[in-house]
Every structure is written in C-alpha cells, then in structure tokens.
Amino acid sequence: MTDEADHDPALVRVLAADGTFDPSPEAERYLPMIEAITDAELETFYRDMVTVRAFDRQATNLQRQGQLALWPPSFGQEAAQVGSARAARPQDHLFPSYREHVVCTIRGVDPIDIIRLMRGLTHGGWDPTDPKNGNAHIYTLVLGSQTLHATGYGMGMVLDGRTGTGDPERDEAVIVYYGDGASSQGDVHEAMVFANSYNTPQVFFLQNNHWAISVPVSTQSRVPLVRRAAGYGMPSVRVDGNDVLASYAVSRLALDEARSGQGPRAIEALTYRMGAHTTSDDPTKYRTSDEEAFWAQRDPIARMRRYLEGRGAAGAFFDDVDAAAAAYADDVRVRTNELGGLDPAGMFAHVYTDPHPLVEQQRQWLADYEASFEEGRA
Amino acid sequence: MSVDTMPFSRALNAGMRRAMQSDDHVLMMGEDIGRLGGVFRVTEGLQAEFGDRRVLDTPLAESGIVGTAIGLAMAGFRPVCEIQFDGFVFPAFDQITTQLAKLTNRHEGRMPFPVVIRIPYGGHIGAVEHHQESPEAYFTHTAGLRVVSPSTPNDAYWMIQDAIASPDPIVFLEPKSRYWAKGEVDLAARALPLHASRVVRRGTDVTLVGHGAMVTVLLQAAALAESEGISCEVVDVRSLSPVDYGPIVDSVRRTGRMVYGQEAPGFTSLGSEIAATVTEQAFFSLEAPVLRVSGFDVPFPAAKLEGAYLPDADRILEAVDRALAY
C-alpha cells in the first residue's frame with residue numbers, strides 16, 4: 001500500500017523524499033512552472049506549512065483540554081493543501097471538505113472561525129462572500145456533497161460568462177477538495193458527470209491520505225483513484241501530495257486549463273494523514289507504526305526545509321518561521337479562551353430568510369420560558 | 001381580460017414563463033424538461049423560448065440536479081429543479097435535507113438559497129411502482145425547507161411564481177392527477193400569499209381539511225354530504241410548511257368537528273401534525289376528536305389497487321359520520 005508513494009511511475013514529483021531536486025519523468029512538463037517560482041514564494045510555501053502545523057497542533061491540544069468538540073488534524077497533508085491553494089488565483093472559488101485548514105487560512109479565513117466551528121459555536125463560521133475570505137466556502141461534513149456545489153458554482157460561472165473568455169486575469173475557476181473515502185460517494189461521481197457535461201472550469205482535488213477513518217484506500221478502489229477521471233472524459237494527474245512544489249505546479253496548470261475553457265481536471269494528491277482522522281479516532285487500532293514511520297520519512301515540511309537549506313537558506317529564516325508559527329498558535333489559544341457563549345435565541349436565527357411563524361413562535365416561547373425563571377428569583 | 005381558463009399544467013407553465021421573463025437568473029433544470037417539455041409537458045416550450053442555457057436537460061442524476069442547483073444558487077441563480085416523479089426524489093434527499101435545508105442557517109443568513117424543487121406527487125393516475133407516492137412528511141419534518149402544494153390552476157400560476165421569488169428553498173409538490181384539470185386563472189392579481197390556507201367551501205357542521213389532489217375529493221364529499229343535509233366546510237392547506245392555522249382553527253371553532261384527508265400514509269403525517277395542533281388550539285370547541293382519513297401504512301400498492309388505497313369521498317363521509325356521532 002505504501003510502495004506507491006515511491007514506485008508509482010506516473011507520479012509527478014519534483015523533490016525527492018530527502019529534499020533533493022530530482023524531478024520524476026512525469027514532472028518534466030511542469031518544470032518551467034517550477035522554475036518560475038520566486039524565492040519569496042518558496043519561503044511562503046514553507047511558512048504556510050509550518051504555520052498550519054503549529055495551528056493544527058494547538059487545535060488538537062485545545063480539543064484534548066476540552067476547548068473544542070472535535071478536531072480534524074491536517075498534520076501531514078500540508079504540502080497538498082498549500083500547493084493547491086497557492087496555485088489558485090484570487091478570483092477562483094475554493095470548496096473545502098473539513099480538513100483544509102491551511103487552504104482556507106491562505107485565502108484569508110481567520111483560523112478562529114475554524115475553531116468556532118469545531119468548538120460548537122457555529123455550523124459555518126465565515127462568510128464566503130466577504131472579500132476578506134478570498135472566496136473560500138465553508139466546510140462540508142457530509143462527504144462529497146461539496147463537489148456538486150462546486151460544480152453548480154462552476155456552471156454558474158459558465159452561464160454568466162465569468163470564465164473561458166481568454167482573459168486569464170479575469171477568468172474564474174473552482175477547486176473542490178475531497179478525500180479518498182469521499183471518492184466512493186455517489187455525489188462525487190455525479191459531480192464529475194455534470195462537470196464534464198457542462199464543461200465547468202473546475203479542478204477536482206482529491207487528497208488521498210490513505211485512510212477513511214479506519215478503512216484503507218484499498219477498500220475504496222481497486223485501481224489508483226486518479227484513473228477514475230478518464231471514465232468521465234477528464235484529464236487527470238497523480239501528484240506527490242507531500243511535495244509542495246509538485247502540488248503547486250499540477251494545481252496551477254489544471255486551474256489555468258480549466259479557467260481557459262478546457263473543462264474540468266482531476267488531481268489525486270498522494271499524501272498521508274499522520275494524525276488521527278479526528279480527535280475521536282485512535283489510529284493505533286488499524287495501522288502499523290512501520291507505515292507511519294514510512295510516511296514520517298516523507299514529511300512535507302522536512303522535505304521542503306532540506307530543499308531550502310540546499311539552496312542556501314539561512315538558519316535565521318527557519319528560526320523566524322518557527323517563532324512566527326508559535327506566536328500564531330499562541331494567538332489562537334488566547335483567542336479561543338476569549339470566545340464567549342451563545343445566546344440560545346441564536347438557534348432560531350437564519351433558519352429561513354423570510355420570517356417563519358413556527359420558528360418565531362418557538363423563539364418567543366423559549367424567551368418567555370427563560371424569563372419565567374428570572375421572575376421566580378425576583 | 002386578465003382571467004383565462006387553462007389546465008393546471010399550463011398554469012404552471014405560464015407562471016414559470018413569467019418568472020423567467022422577469023429575472024434572467026431563473027433557471028429550469030431536470031430530466032427531459034427541455035426538448036420534450038417534461039414527461040407531463042409542464043415545461044413545454046420554455047427551452048424553445050429561453051434557450052438551453054436557461055432550461056437545462058440534465059444528466060439523469062437527482063442528487064446531481066439538486067446539488068448543482070445549490071451551487072448555482074451560491075453563484076446568484078434561482079434554479080427550479082424538476083424531479084420527474086415523487087418516488088424518485090430520494091436519491092436527492094441527502095442534498096435537499098442535509099444541504100439545501102441547512103445552508104441558509106450554516107451561512108448565518110449571508111447567502112440566500114432560492115431553490116425550488118418541483119415534484120409531481122400522488123396517485124389517481126394508475127401508474128406503476130414509485131410513480132404515485134406522497135413524500136411530503138419527509139420534507140415538512142425538515143427545518144429550513146418550505147413545502148407548498150397548489151390544488152387549482154390559479155394557485156399553480158401564482159404559487160410557482162411566489163416560490164421562485166422566495167429567498168428560501170421550497171419543495172413544490174404538484175398533484176399530478178390535477179395537471180389536466182381546467183380552471184380560471186387571474187393573470188393580474190394573486191388571490192392569497194404563498195403561505196396562506198384558504199376556505200374553499202363554507203359549511204357549519206364539519207370542517208374538512210386537506211391538501212393537493214385531496215381537496216377535490218373533500219369538495220366531492222362535501223357536495224354528497226349536503227344532499228344528506230350535512231353542511232361541510234372545506235379548507236385547502238396550500239402551504240404544508242409553514243401551515244397557516246388561522247382559517248383551519250377558526251373553522252373548527254365554528255363547526256366543532258374536523259376531518260383531515262390525505263393520500264399519504266397516516267402515521268407521523270401532515271394530517272397528524274395538523275390534528276394535534278388543532279386539538280391544542282381549539283380543544284374547548286371540539287365536539288369530537290379530530291379524525292384522519294389517510295392512505296394506509298403500507299407501500300403504495302400496485303395501481304389496480306389504488307382505488308382501495310386512496311381515500312375517496314365515501315371514506316371521507318364515513319369519517320364525517322363518525323365525527324357527528326360523538
């Protein structure tokens with residue numbers, strides 16, 4: 001199961017596991033794009049990954065301390081997420097599943113909004129239509145549902161002439177994230193059918209992290225998941241999802257092609273969930289320490305660090321990134337502890353847009369009921 | 001002259017045409033709705049008039065239809081989805097109940113989801129399995145959805161326009177046995193708001209309440225009762241969620257008796273809910289328990305048995321007699 005990470009001949013990889021620049025044959029067509037990445041961008045990629053790992057560790061701890069109801073760790077999947085999110089243009093729309101913490105924060109979503117969701121304060125938490133959130137849509141917990149929403153959004157882009165005009169500065173695309181488990185859901189298949197039928201400007205970004213809670217990817221598919229796209233008439237590519245440069249390049253090209261009117265594209269990013277599925281889960285019950293060690297050697301952050309060191313990055317840079325990430329995580333902790341409670345009346349808000357008599361009646365009943373206790377005390 | 005006589009299906013068609021003319025982000029989507037005009041021809045001519053970018057013959061995938069409609073709504077469109085038959089809505093049930101119904105709430109009101117799901121429903125057409133069902137309770141049980149069902153061409157014409165204009169998701173149930181029924185449509189003025197119930201016949205002894213195609217049966221029963229000297233009032237619920245209890249409760253306070261008629265199975269049904277609420281609100285006016293006449297709690301039977309399954313005027317009258325016997 002793990003051998004594919006090293007021996008899949010069709011894997012786009014730029015950095016070897018030890019961080020040396022060693023493009024696979026499949027990476028050849030992406031090399032001009034890789035070469036165009038500036039030093040500042042390389043540093044940003046690294047900083048993004050370190051920052052989200054610190055945030056993720058902090059959030060996991062907060063859950064252990066009873067501050068969050070649940071946490072889905074992104075530990076190990078940083079490169080796939082950072083590469084793809086940094087490849088998107090500002091006008092693109094991003095539809096996450098529920099683990100894409102750095103995808104959303106790169107687009108501008110405040111990490112505390114993700115915390116609020118997992119703390120049980122909201123079912124959404126941020127406004128995808130607010131420009132400060134960079135067109136990052138809210139999390140979706142029902143697996144694969146968001147692939148259809150993204151496809152519908154892409155259909156809207158086509159109908160409104162917002163894409164495929166030939167102006168890359170203006171053309172829009174959508175990228176939708178889902179996992180190897182979700183790939184078995186009917187909605188993902190229907191999304192691929194609709195996307196191809198309506199030629200949506202869309203990238204299906206599958207993070208194959210090898211485990212759908214306790215069920216291995218081999219139970220989801222007998223063939224590499226990347227091959228499924230061909231059945232819908234969609235070009236697809238398999239990338240080393242622990243290689244941020246390769247993830248960036250394949251996403252960038254796929255989005256450019258989609259945006260230019262060439263239709264949907266699929267990417268399977270081969271990565272690994274180093275942590276639990278969520279904090280409710282115990283991965284020691286279903287996977288081996290050998291497997292975890294195998295993937296630890298392919299850690300996306302260590303790999304990128306060695307690459308940057310090989311290019312002469314100074315130790316001070318890494319120290320600075322670590323310190324900034326620690327401060328970021330500390331800030332999340334402070335702000336989490338400052339989060340207040342909720343007004344029960346809030347549950348009646350926004351069930352409908354127009355007033356609804358039943359909801360209004362129940363809101364009033366609860367208010368009167370609670371007020372009756374206050375009167376009793378007076 | 002702004003009053004026209006037309007069948008229920010043409011009234012829906014005319015209402016949708018008018019909605020599409022007034023807002024170019026109103027879209028129709030569904031299986032066979034374009035060139036064919038839908039299996040009931042409700043969308044006939046719309047693709048010819050508005051083009052295949054606004055009247056979409058979709059792939060055959062109900063979850064895909066509703067799921068992409070949600071995305072289209074996010075992108076600023078007002079999609080009207082046609083589900084071909086009642087029994088085929090369930091592949092889309094997840095998108096309707098876990099997504100569409102909840103997304104306004106999950107976005108904290110920042111994004112409207114003006115999606116209409118049109119579903120031809122109910123029996124009386126002698127069809128085969130999965131083509132004659134009444135799934136309304138599944139949707140009325142789900143917060144975030146509104147559910148409506150017109151019973152006359154005039155209501156069909158206006159309610160579809162109101163549903164499309166609503167910022168909330170609406171399950172729009174079309175009693176398919178009524179598609180060919182003709183009636184007057186006032187093209188200039190709507191009779192009632194979308195979420196109002198309506199007294200369609202005045203009476204003093206028993207209040208008959210129902211929705212969709214059952215309203216016709218209730219009116220038949222009321223006419224038969226009259227010949228026996230029993231005066232029945234008939235109320236068309238029209239809006240299944242929210243229910244407008246005012247006219248129903250007022251009527252029961254006057255008559256002291258109520259019978260609810262519905263094609264759907266009775267257990268945990270709309271009739272059960274309305275019966276319970278009317279009992280709470282009009283308890284001291286009631287001379288008899290609120291009675292329900294429903295389809296049986298069995299799978300909708302093979303078509304040759306639908307006559308035995310579906311409540312007809314006689315079964316309504318049997319309940320009327322029981323109510324009067326208290």
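A salt bridge here is a side-chain nitrogen of Lys or Arg within 4 Å of a carboxyl oxygen of Asp or Glu. By that rule, a search of the whole structure, which is a predicted model, returns 35 salt bridges over all chains.

**Salt bridges**

Three of the pairs are listed below with their N to O distances.

| Acidic residue | Basic residue | N to O distance |
|---|---|---|
| A:Glu309 | A:Arg305 | 2.9 Å |
| B:Glu49 | B:Arg17 | 2.7 Å |
| B:Glu174 | B:Arg118 | 2.5 Å |

The pair in chain A lies within one element: A:Glu309 and A:Arg305 are four residues apart in helix α12 (residues 300–310) of chain A, so about one helical turn separates them. A:Glu309 is partly exposed at 37% relative accessible area, and A:Arg305 is also partly exposed, at 28%.

The salt bridge between B:Glu49 and B:Arg17 links distant parts of the chain, with B:Glu49 in helix α2 (residues 46–50) of chain B and B:Arg17 in helix α1 (residues 8–22) of chain B, 32 residues apart. B:Glu49 has a relative accessibility of 40% and counts as partly exposed; B:Arg17, at 21%, counts as partly exposed as well.

B:Glu174 and B:Arg118 form a salt bridge between strand β7 (residues 170–175) of chain B, which holds B:Glu174, and strand β5 (residues 116–121) of chain B, which holds B:Arg118; the two residues are 56 apart. Both B:Glu174 and B:Arg118 are buried.

In chain A, a network of salt bridges links A:Arg13, A:Asp240 and A:Arg303.

**Interface of chain A and chain B**

Contacts join 43 residues of chain A to 44 residues of chain B. The buried area between the two chains is about 3400 Å², and carbon and sulfur atoms give 58% of this. A:His149, A:Leu159 and A:Tyr352 supply 18% of the area that chain A buries against chain B, more than any other three residues.

Across this interface the rule finds zero salt bridges, while 23 residue pairs, both residues at pLDDT 80 or more, are in polar contact. On the side of chain A that touches chain B, the elements giving two or more residues are α7 (145–159) and α8 (186–197) of chain A. α7(A) gives the most, with ten residues. That side of chain A divides into 20 nonpolar, 16 polar and seven charged residues.

**Cysteines**

Zero disulfides are found over all chains. A:Cys104 is buried, with a relative accessible area of 0%, and B:Cys81 is likewise buried at 0%.

Terms used: Residues are numbered from 1 along each chain as its sequence is written. Chains are lettered from A and ligands numbered from 1 in the order in which they are written. This is a predicted model: local features need pLDDT of at least 70, side-chain atom pairs count only at pLDDT 80 or more; totals for chains, interfaces and linings use all residues. Side-chain values use heavy atoms; hydrogens and water are left out. Contact means heavy atoms within 4.5 Å. Buried area is the accessible area (1.4 Å probe) that two parts lose on being put together, summed over both. A polar contact is a pair of N or O atoms within 3.5 Å; within protein, one must be able to donate a hydrogen and the other to accept it, and residues adjacent in sequence count only if both atoms are side-chain atoms. Ala, Val, Leu, Ile, Met, Phe, Trp, Tyr, Cys and Pro count as nonpolar, Asp, Glu, Lys and Arg as charged, and the others, Gly among them, as polar. A disulfide is a pair of cysteine sulfur atoms within 2.5 Å. Buried means under 20% relative accessible area, exposed over 50%, partly exposed in between (1.4 Å probe, protein chains only).
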